[in-house]
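Work through the exercises below with the sequence and model at hand. Try each task before reading its solution.

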Amino acid sequence: MIEEYIPFVSEETIEELFILSKKLNGVKVLHVNSTYKGGGVAEILHRMVPLMNALGVKTDWKVFKGDKKFFSFTKKLHNLLHLGYGEKIRSEEIVYYLKITYENFKEIDTENYDVVFIHDPQPMGLVIKKLPGQKWIWRCHIDTSSPDPNAWNFLENFLNAYDVCIFHMPEFVYERIEIPTYIISPSIDPLHPKNIELSQEEIFQTLTKFGIDPEKPFILQVSRFDRLKDPFGVLSAFRIVRKKYDCQLALVGSFAEDDPEGEEVYKELLNLTSDDKEVFVLNLPPDSYREVNAFQRGATVVVQKSLKEGFGLVVSEAMWKEKPVIGSNVGGIKRQIIHGITGYLINSVEGLAMRIKQLLANEYFRKEMGYYGKERVKHRFLIIRHLRDYCLIISRILN
Ligand code: UDP
């Protein structure tokens, strides 16, 4: 299984990974997040967990269960941490968070593991179960550099019980964090059905099935239906572009179990675009991997206009498919796109519209940026590098 990656990385890299993982023989690792489907965290765990096992590191994945009320609170918490402001946390919400955490205590066995990775704030409270000798890692996928102070106080109660935390970027680390902190970028898997090569025929058929004309330029954003992904901004930019270019827009998304806002955003987008035949707002099941792959491969230009972004795997996914990507100058998007080389970083609707027009007008540019984009992902954002980082951190904290 691991050897299948040799076409993407060097043989030495794979050998090194095996040597590293041998040291972890007998170590038991657990990952806990709050959804099996939807969003980048689940996406990575679906690949990471089997690959860790293939390396001989016994790894399990368990999902923390909540209901709509719980996830409405954790989404609010997420926004408060990410944006630094928002509606105040109420004491009954804290009580409810603790109640659901306690219910998960009973369901999720953490005792039999040496290392426990807790992803994001939703399951964070489980750390109260930590046993002596165990190492617990808080794996944060969001930007907490300037959080709302009350939201941070709430989080800190749990954070200090962890041994280490991991962020995507140094800029995301809040200055008040006292436990050891590491930086690890997320990654994409070139062997995932979402990223494998597809025939031109399959790409054409998929676009046609959803009503998109494969012969006409089309702009794509793939994201959960979330206000922070700013699909409304993409729509406004598209309306500017269309005054000059005959083109189409696809806003491809899905709902995540732990994000109750999705339906509302989806409906708003449908209402705004119901009389526009060139705009496709598509709500796909979260496991529509080949379809997303085909959209990304078929797109003329891929955009990611997030207002805030943890990492934005979709950016690397599109770059891997040799697409020029225009993304907001925020969070992990800044780490992926090299402005003017693999795509563009933008700061406004008008900026996005201008860059889309520029790329629609210049096929040579699109191809060249696509080429450099793929190279960048190959060197920085593939899953083998990510596996290596995880093996290294596990061996470091256990010694
Ligand atoms: N995704 C998908 N279908 C959709 C929307 C998103 O498969 O309709 C996938 C997308 O390809 C990516 C992940 O979900 O792999 C989203 O990760 P990202 O880091 O971009 O954003 P997040 O949702 O974690 O904020």
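The exercises cover the ligand site, the strands, the helices and a few single residues.

This is a predicted model, in which local features need pLDDT of at least 70 and side-chain atom pairs count only at pLDDT 80 or more, while totals for chains, interfaces and linings use all residues. Residues are numbered from 1 along each chain as its sequence is written, and side-chain values use heavy atoms, with hydrogens and water left out.

**Exercise 1. The ligand shell**

Task: Find which residues come nearest to the ligand, and which helix gives the most to its shell.

Solution:
- Step 1. Collect the shell, counting a residue as near if one of its heavy atoms lies within 4 Å of the molecule. There are 17 residues around the ligand, and G40, R224, K229, L313 and E317 come nearest.
- Step 2. Sort the shell by type. It holds five nonpolar, six polar and six charged residues. Here Ala, Val, Leu, Ile, Met, Phe, Trp, Tyr, Cys and Pro count as nonpolar, Asp, Glu, Lys and Arg as charged, and the others, Gly among them, as polar.
- Step 3. Assign helices. Helices (H or I, at least four residues) and strands (E, at least two) are DSSP runs, numbered from the N terminus. Helix 2 (40–54) and helix 10 (313–320) each supply at least two shell residues. Helix 10 gives the most, with three.

**Exercise 2. Polar contacts and cover**

Task: Find how far the ligand oxygen atoms lie from polar atoms of K229, L313 and V314.

Solution:
- Step 1. Apply the cut-off: a polar contact is a pair of N or O atoms within 3.5 Å; within protein, one must be able to donate a hydrogen and the other to accept it, and residues adjacent in sequence count only if both atoms are side-chain atoms.
- Step 2. Take the side chain. An N or O atom of the K229 side chain is 2.7 Å from a ligand oxygen.
- Step 3. Take the backbone. A polar backbone atom of L313 is 2.8 Å from a ligand oxygen. For a backbone N or O atom of V314, the distance is 3.2 Å.
- Step 4. Check the cover. On its own the ligand has 540 Å² of accessible area, and the protein covers 91% of it. Areas come from the Shrake-Rupley method with a 1.4 Å probe; for residues, only the protein chains shown count as cover.

**Exercise 3. Two covered strands**

Task: Decide whether the residues of strand 7 are buried or exposed, then find the pairing partners of strands 7 and 11.

Solution:
- Step 1. Set the scale. Buried means under 20% relative accessible area, exposed over 50%, partly exposed in between (1.4 Å probe, protein chains only).
- Step 2. Split strand 7 (residues 218–222) by face. F218, L220 and V222 lie on one side, I219 and Q221 on the other, and all are buried. In a regular strand the side chains alternate between the two faces of the sheet.
- Step 3. Pair strand 7. Two strands pair if DSSP finds at least two bridges between them. Five bridges join strand 7 to strand 8 (residues 248–253), and the two run parallel. Q221 has L251 as its bridge partner in strand 8.
- Step 4. Repeat for strand 11 (residues 325–328). V325 and G327 point one way, I326 and S328 the other, and all are buried. Three bridges link strand 11 to strand 10 (residues 301–304) in parallel. V303 stands opposite I326.

**Exercise 4. Packing of helix 5**

Task: Find what the buried residues of helix 5 pack against, and which residue caps its N-terminal end.

Solution:
- Step 1. List the buried residues of helix 5 (residues 149–159): A151, W152, F154, L155, E156, F158 and L159.
- Step 2. Find their neighbours. They pack against helix 3 (68–83), helix 4 (91–107), strand 4 (135–139) and strand 5 (164–167). Contact means heavy atoms within 4.5 Å.
- Step 3. Inspect the start. D148 is the cap, with a side-chain oxygen 3.2 Å from the backbone nitrogen of N150.

**Exercise 5. Buried single residues**

Task: Place A294, T206 and T342, and find what each touches.

Solution (residues up to four places away in sequence are not counted as touched):
- Step 1. A294 lies in helix 9 (residues 289–298). Its relative accessibility is 0%, so A294 counts as buried. A294 touches L198, I203, T206 and L207.
- Step 2. T206 is in helix 6 (residues 200–209) and touches E291 and A294. T206 is buried because its relative accessible area is 9%.
- Step 3. T342 sits in the loop between helix 11 (331–336) and strand 12 (343–346). At 1%, T342 is buried. Its contacts include M319, V325 and R376.
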